[in-house]
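Student: I've got a structure on my screen and I'd like to learn how to read it. Can you walk me through it?

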Amino acid sequence: MTAAFLPFALPEIGDDEIAEVVDTLKSGWITTGPKAKRFEDDFAAFLGDSGLHCISVNSATAGLHLALEAIGIGPGDEVITTTHTFTATAEVVRYLGADVRLVDIDPVTLNVDPALVEAAITPRTKAIIPVHYGGLAADMPALMSIARRHGLKAVEDAAHALPTTCHGALVGTLASDATVFSFYANKTITTGEGGMLVTRDEALAQRAKVMRLHGINRDAFDRFTAKTPSWYYEIVAPGFKYNLTDIAAALGLHQLKKAHAFQRRRAEIAAQYHAAFTGLPLLPAPLAPQGELHAWHLYPVRLAAGAGLGRDAFIERLFAQGIGCSVHYIPLHLQPYWRERYQLQATDFPHSQHAYEQMASLPIYTRMTDADVARVVDAVKATLGA
Ligand SMILES: *Cc1c(COP(=O)(O)O)cnc(C)c1O
């Protein structure tokens, strides 16, 4: 008997999420309204910092775009980020007519190398976008010290990082200008599609709220439910359509309550992989420093020289054993758009390039049973002839 295919990722949606969505559907208010507001309040409470503004959006991509727009990124500016990320991190810079400077990673953590960030700064550089790759915090103290020294803004791409800590503080509460989380279907909590822009900056928050919904100076829910009914509004800018629906927020309310339990399960799976892979010709995923939370959105392994097979064959052999894998990421410097626009060479990004050539992401999600984890371990061992 062959076991069913174990997919690379699956969301965990409970009866409470389903009941909340049904409640929303029956309530008469299905777009941005009371549940999106509650989700924002709950998110601020989750981060535990009363100085934060939490602005729900329909994707992390939207949140990154709004954050960069609000800090004034535009044509002629440069923004530095890692090549080892999803294209969304960088594409938002191009939406605003600014240019992207990609830099290489630290080969141990797979996060952006702060020294290379500093070396890439030019008179045009306005901001940096650190990514917490896989859910492991980037070196924020070093990056923020560089940002302060050079007068740069910092927007964290925290699409993988709920919950993640950096020196004991949750990502979202750190010293950057804004932090953006993703609730895409395969992220650590999900609303199907969705995101949250978090900032301490009052002006940034006000601008992002206006630009989230057409550049209107009051949001639709306020307008239609205010004590004094008001049909009047003003358009102050050509804004976007980036608001999160209450249907999506209904999912988020319950996902957020489970975020720490989800993280514990993911960390357990990561620990099982780590222990099982000791002694194999394979580099396990980098660990967080002792006492820090790693969100474990991803579990990327890298094949060692003695593995006896390449990454593509490794993924094919796991697939043949009923296990889904993926690759995070095909670095941006290899993608035609980025490569051609900035004349990039793989040799400019040796660590990202090397990691990419060796790496495969194994399944890591809360619905995996211990038997599923053991199945992945057995398949990896069989593939490596161990
Ligand atoms: C998923 C992801 C995004 C985009 O998130 P969406 O909510 O799908 O827009 C951005 N950056 C990284 C690193 C991601 O993995």
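Tutor: Let's look at the ligand and its surroundings, then at a single threonine. Keep in mind that this is a predicted model.

Student: Which residues come nearest to the ligand?

Tutor: A residue joins the shell if one of its heavy atoms lies within 4 Å of the ligand. Here 15 residues surround the ligand, and those that come nearest are Thr 61, Asp 157, His 160, Ser 182 and Lys 187. By type, the shell has six nonpolar, seven polar and two charged residues. Helix H3 (60-70) and helix H4 (87-95) each give the shell at least two residues.

Student: Where should I look for polar contacts with the ligand?

Tutor: Look for pairs of N or O atoms within 3.5 Å. Asp 157 has a polar side-chain atom 2.7 Å from a ligand nitrogen. For ligand oxygen, try Ser 182, with a side-chain N or O atom at 2.7 Å, and Tyr 329, where the distance is 3.0 Å. As for cover, the ligand on its own has 380 Å² of accessible area, and the protein covers 93% of that.

Student: Now the threonine. Is Thr 199 buried or exposed?

Tutor: Buried means under 20% relative accessible area. Thr 199 has 2% relative accessibility, so Thr 199 counts as buried. You'll find this residue in strand S9 (residues 195-199).

Student: What does the side chain of Thr 199 reach?

Tutor: Two backbone atoms: the oxygen of Asp 177 at 2.7 Å and the nitrogen of Asp 201 at 3.0 Å. Leaving out residues up to four places away in sequence, Thr 199 also touches several others, among them Gly 51, His 53 and Leu 204.

Note on methods
Residues are numbered from 1 along each chain as its sequence is written. This is a predicted model: local features need pLDDT of at least 70, side-chain atom pairs count only at pLDDT 80 or more; totals for chains, interfaces and linings use all residues. Side-chain values use heavy atoms; hydrogens and water are left out. A polar contact is a pair of N or O atoms within 3.5 Å; within protein, one must be able to donate a hydrogen and the other to accept it, and residues adjacent in sequence count only if both atoms are side-chain atoms. Accessible areas come from the Shrake-Rupley method with a 1.4 Å probe; for residues, only the protein chains shown count as cover. Helices (H or I, at least four residues) and strands (E, at least two) are DSSP runs, numbered from the N terminus. Ala, Val, Leu, Ile, Met, Phe, Trp, Tyr, Cys and Pro count as nonpolar, Asp, Glu, Lys and Arg as charged, and the others, Gly among them, as polar. Buried means under 20% relative accessible area, exposed over 50%, partly exposed in between (1.4 Å probe, protein chains only). Contact means heavy atoms within 4.5 Å.
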